[in-house]
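Trainee: Could you take me closely through one part of this assembly, the place where two helices from separate chains pack against each other, and then set that part in its surroundings?

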Amino acid sequence: MNIIKKYIPLTIVFMFGIITLASYYVPNRASEEYLEWINKWQNIVSAFALFLGTISLFYSHYKKIQRKVDGWGYSLFVYIGFFIIMGAAILSNGNISKEGKLTYLGWGFNNIYNPLSATMFSVLAFFIISTAYRSFKIKSFAAFLLFICGLILMLGNIPLGEIIWDKVFGWTKFTIGEIKDWIISVPSTAGRRGIMIGIAIGAAVTSLKIIFGIERGYMGKE
Amino acid sequence: MDTQVSVILGAFVASGLTLFIFSFLYKDNPFFKIAEHLYMGVGLAWHIQLTIYKIIIPKVWEPLKIAWQKGDTFTVWMTIIPTVLGITLVTQFIPKISWISRYGFTFLMGYAAGLALPAGLTTDFANQILGTIEPFANFFSLSLGKMVNAVIILIGTVSVLFYFFFSVEHKGVVKKISNFGIYFLMIYFGASFGNTVMARFSLLYGRFDLLVRYSQKEYFYATNWVIVGLLIYFIAEKLITNKLLKARA
Amino acid sequence: MKEKLNKILKLDRRYLFVLLTLSIIIPIIKPIGIPSKSISTSVKDTYDFIEKMPEGSTIILSLDYDPSTAPELHPMAAAILKHTFKKNIKVIILTFIAGSGGLIDELVRTIPPQYSKEYGKDYVVLPYMANVLAALTQMASDIHSFYDKDINNKPLKDYEMMKNIKNYKDVAGVIGITGTALLDYWVVYVGDKYGVPILGGVTAISQVGYGPYLQKKQLKGLIGGMKGAAEYEKLISQPWKGTSGIDALNIAHILVIVFIIFSNIVLLILKFL
């Protein structure tokens with residue numbers, strides 16, 4: 001039983017890990033065909049992972065409705081939203097537009113999904129302004145450095161900032177755009193590069209641990 | 001769905017949902033909660049229908065049908081195997097047979113690990129180290145500015161790596177170098193903050209641009225109606241709450 | 001005095017939200033109209049790359065963004081398309097993001113007629129594909145083996161401009177405009193592996209993170225955020241949403257800077273009181 005529950009899955013992870021790794025470095029028609037098939041497999045398996053999420057979400061909201069906890073009525077809207085878009089998708093056969101005209105799914109995407117999604121992300125802008133006023137405390141040289149670089153980038157990103165810089169620091173003969181470019185391409189690159197190398201080493205080590213079966217957390221309880 | 005009615009209805013729905021979410025900035029309210037829960041359902045449905053119509057049907061169902069009709073057993077098996085691996089993931093919810101989901105997860109993890117390794121090593125490791133030391137190959141033929149930049153990048157990269165190296169205790173020279181690395185990290189974070197401000201404000205500009213557009217006559221002043229409706233709600237809610245508080249007192 | 005200052009610091013954040021809202025909405029209704037002066041090096045590099053391309057070359061334009069990042073990325077996509085058409089460069093448009101359909105549709109409906117460009121002769125649009133890695137890898141040997149039909153479901157080989165295009169060797173470069181990590185895929189699996197010139201257009205948040213790729217020339221050029229879009233529009237002398245957008249954000253940015261400076265001055269005063 002241990003073979004089926006433990007050793008075969010470990011063999012699967014080893015096999016696919018090594019072959020996928022080798023296919024990147026071996027320029028061969030077989031590598032390309034392998035990558036094409038394995039990517040198709042990954043798309044299909046990942047699609048089922050999404051169904052996992054669906055079942056989980058529906059189950060938790062169903063429990064809320066069943067137990068009539070505080071705010072259970074809002075959980076109904078999860079189902080309403082889901083079935084509106086699924087219904088539109090079925091009616092439109094998964095197409096956003098047909099012959100240049102918007103389908104039901106296209107209408108749902110433009111007027112329901114997109115406003116909800118874009119607005120959720122844009123709300124962060126308000127919290128940036130709140131944080132800037134209440135929490136951006138410059139108490140050390142490091143924080144001051146962070147502020148100065150943020151200030152230069154912010155001024156460099158707007159035409160008004162260019163005018164302000166020219167009026168106050170025009171005597172330096174450097175424009176805000178040149179300083180902004182220099183910050184992004186030199187000191188910020190150094191900082192980012194250190195992080196990238198660190199992450200690459202970490203990712204490589206973790207990948208090798210996964211391939212060789214040392215890291216098995218994803219397999220759940222033994 | 002391009003009729004005048006659907007366009008105006010779309011304007012009301014889009015501006016309504018946008019303002020429902022923004023109403024949270026004033027205070028938590030039923031409209032925001034409705035929009036929030038709708039977003040959960042709508043977002044999930046959007047990705048599910050994408051999966052069904054762009055992956056399952058064209059990459060699983062259609063090839064399987066054609067291969068079955070042609071007697072192409074290789075393609076049939078190459079489609080059935082990942083489908084079965086995908087189905088094993090769902091057994092996660094049944095504790096007695098949840099071990100079957102390991103087959104699906106190990107395939108995904110093996111594939112991801114095998115893919116991440118060369119990508120990380122070549123592009124984010126080797127090429128980045130190369131980029132740091134390349135200018136030193138012809139160092140003295142560079143202009144003064146480029147020489148200074150190359151030195152700054154080298155010092156910055158090394159000191160940041162020192163900061164992240166936790167296998168050696170940070171004291172003495174190591175501590176001094178890693179503290180220096182912190183300054184380069186602060187420069188990077190500051191630059192990121194500056195650009196994040198623009199990115200978020202750009203998204204906000206996009207939403208406000210839409211709201212201003214939908215407040216025009218051709219959209220039947222949709223934004224204005226929704227704002228009036230929300231204002232009426234908040235004022236009424238405040239009056240009722242005050243009345244109840246007075247009654248209790 | 002101390003209580004007053006503390007009260008100022010603890011100002012209800014809703015007042016700040018109202019100020020931010022007004023600072024963006026008012027310039028939308030009544031534009032300030034300050035032109036952008038500087039052009040960043042990475043944007044100029046992107047412009048120069050296209051400008052130096054011989055007439056009749058072909059590029060791949062990968063448009064991988066959806067309406068949530070459209071305010072930043074759509075103006076730069078439009079500017080690049082206008083520039084390539086102006087230079088008589090042929091364009092293969094493709095996407096790996098399902099939500100980009102409507103935006104690509106808007107671009108190809110409005111821009112080609114302005115330059116008298118014909119579908120199939122000057123540009124083609126390939127269908128959405130979920131399988132990024134398979135697409136990037138297969139296109140290295142034969143683009144037609146992966147994309148056998150275009151977005152209109154017609155055989156790709158039948159189009160005039162696609163008759164001489166087999167793989168990456170026949171294209172002058174790839175421009176990836178994306179709000180996701182797809183540009184990294186182009187750099188790793190196409191640029192670094194096959195030596196194809198890669199240029200990018202990304203959101204402002206991601207822009208700073210690509211500094212190392214630009215320095216190492218893994219990316220030949222990069223347009224970052226709405227400012228980058230405005231700069232590119234200035235270079236091609238065709239102001240559009242990038243220019244009007246960055247104009248509307250002037251006061252909002254100044255507001256953030258003023259708030260940070262003001263709150264820290266108040267803190268400093270409180271420290272000495």
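Mentor: In this predicted model, the part to look at is where helix α3 of chain A, residues 72–92, packs with helix α2 of chain B, residues 30–70, the two axes lying 7 Å apart at an angle of about 35°. Seen as a crossing, α3(A) and α2(B) form a right-handed arrangement. As for the kinds of residue involved, the contact of α3(A) with α2(B) comprises 18 nonpolar residues, 5 polar ones and 1 charged one.

It helps to place the chains that carry these helices. Chain A is split into domain 1, which covers 1–69, and domain 2, which covers 70–136, and the centres of these two domains, taken over C-alpha atoms, are separated by 28 Å. Where the two domains of chain A touch, domain 1 contributes 6 residues and domain 2 contributes 6 residues; on the side belonging to domain 1 of chain A, these are 3 nonpolar, 1 polar and 2 charged residues.

Chain B, which supplies the other helix of the pair, is divided into three parts: domain 1 is built from 1–56 together with 215–249, domain 2 runs over 82–138, and domain 3 over 142–213. Between the centres of domain 1 and domain 2 of chain B, again taken over C-alpha atoms, there are 40 Å.

Chain A also meets chain C, with 46 residues of chain A in contact with 45 residues of chain C. On the chain C side, the elements that each give two or more residues include α2 (13–29), α5 (101–114), α6 (132–138) and α10 (211–215), and they also include α12 (241–248) and α13 (250–272). Of what chain C presents to chain A, α13(C) gives the most, with 11 residues. By class, the side of chain C that touches chain A divides into 21 nonpolar, 19 polar and 5 charged residues.

Chain C itself has 13 helices and 6 strands, and its C-alpha trace spans about 80 × 35 × 30 Å along its principal axes. Of the 273 residues in chain C, 54% are buried. When the contacts in chain C between residues at least 6 apart in sequence are considered, 73% of them join residues that are at least 24 apart.

How values were computed:
Residues numbered from 1 in each chain as written. Chains lettered and ligands numbered in written order. Predicted model: local features only at pLDDT ≥ 70, side-chain atom pairs only at ≥ 80, totals over all residues. Domains from an automatic or database assignment. Contact = placed C-beta atoms within 7 Å. Helix = DSSP H or I, 4+ residues; strand = E, 2+ residues; numbered from the N terminus. Nonpolar A, V, L, I, M, F, W, Y, C, P; charged D, E, K, R; others polar. Buried ≥ 20, exposed ≤ 12 C-beta atoms within 10 Å, placed from the backbone. Axes fitted to C-alpha atoms, helices over the stretch in contact; angles between N-to-C directions. Left-handed = near helix turned anticlockwise from the far one by under 90°.
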